[in-house]
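Dear colleague,

Please find the structure below, handed over for your own work. My findings come after it.

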Amino acid sequence: MALIEIKDISKHFGGLKAVDQVSISIEKGQIYGLIGPNGAGKSTLFNCVAGLYPPTSGKVIYDGEDITGWKPWNVCRKGLARTFQIVKPFQKRTVLYNVMVGSFLKTSNPSEARDRAMEVLKRFNLADKWNILAGNLTIADRKRLEIARAMATEPDVLLLDESMAGLRPNEVDETLDEIRKIRDSGVTIFMIEHIMRAIMTVSDRITVIQFGKKIMDGTPQEVANDERVIKAYLGESYGAA
Ligand SMILES: Nc1ncnc2c1ncn2[C@@H]1O[C@H](COP(=O)(O)OP(=O)(O)O)[C@@H](O)[C@H]1O
Ligand SMILES: [Mg+2]
């Protein structure tokens, strides 16, 4: 049985079908990619899985349990953590504080939360910046902080929404290494990424959506060679990347 079963999920905003009957199965231990042109409905689908929006219809089954419409904090407590496309750290708080927000999910003891947060910061090469205000970080460090905060909740599944947007090629490579390490530590990853090179090299499987609908899913190679995908997306995006 798949770890995450997204079954016929739709999300309508008034007359707009932002997500239209999308189904995706993600196996434990996979890195699963979600791609599609801007406005395709990728972030909205994430929001339905992570509990930010209740879907209009359809179901999200996680580890055999129906979590459709659960509140974000309950989804997170269940083991699914997410990052946001627009990173929103507490700007006026330190890096450490921001990550402690994550570690408080698993402990109510402040000194333990602090220790766990420092461990995570070390893992993401942010330990020496623990005392910097989040608002003063570079984009790359802010993106890393966002992943660190999600990882501090000790999730089983990590949802990454364009964690590499705005990064330089060498920073993209570093992030890819981090993502692989996270996967190797036993965390299943569901990621949206606009940078084709990145998502193609790291994903086990990819779903492509356009205008809210699933066009296809397959291995990165199958996706890259699919006529519909090339038409819908790849030409544009390879050009941009
Ligand atoms: N909260 C919202 N209210 C109304 N429309 C929305 C909302 N969120 C997203 N949309 C619309 O839904 C569509 C899909 O958006 P989004 O999921 O952000 O796309 P993607 O992440 O693939 O770029 C877009 O047309 C967007 O304008
Ligand atoms: Mg988006």
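The notes that follow cover the sheet, a helix that crosses it and the shell around the ligand.

This is a predicted model, in which local features need pLDDT of at least 70 and side-chain atom pairs count only at pLDDT 80 or more, while totals for chains, interfaces and linings use all residues. Residues are numbered from 1 along each chain as its sequence is written, and chains are lettered from A and ligands numbered from 1 in the order in which they are written.

Helices (H or I, at least four residues) and strands (E, at least two) are DSSP runs numbered from the N terminus; two strands pair if DSSP finds at least two bridges between them. An open sheet of 6 strands follows the order 6-7-8-3-9-10, with mixed pairing. Its edges are strand 6 (80-82) and strand 10 (213-218), each of which pairs on one side only. Strand 6 pairs with strand 7 (residues 157-161) in the parallel sense over 3 bridges, and A81 has L158 of strand 7 as its bridge partner.

Helix 1 (residues 42-50) lies across strands 3, 6, 7, 8 and 9 (contact: C-beta atoms, placed from the backbone, within 7 Å). Its direction is at about 150 degrees to strand 7, with axes fitted to C-alpha atoms, for helices over the stretch in contact, and angles running from 0 to 180 degrees between N-to-C directions.

Helix 1 also gives the most to the shell around ligand 1, with 3 residues. Among the surrounding residues are F13, L16, K42, S43 and T44 (C-beta atom, placed from the backbone, within 6 Å of the ligand).

Kind regards

How values were computed
Two residues are in contact if their C-beta atoms, placed from the backbone, lie within 7 Å.
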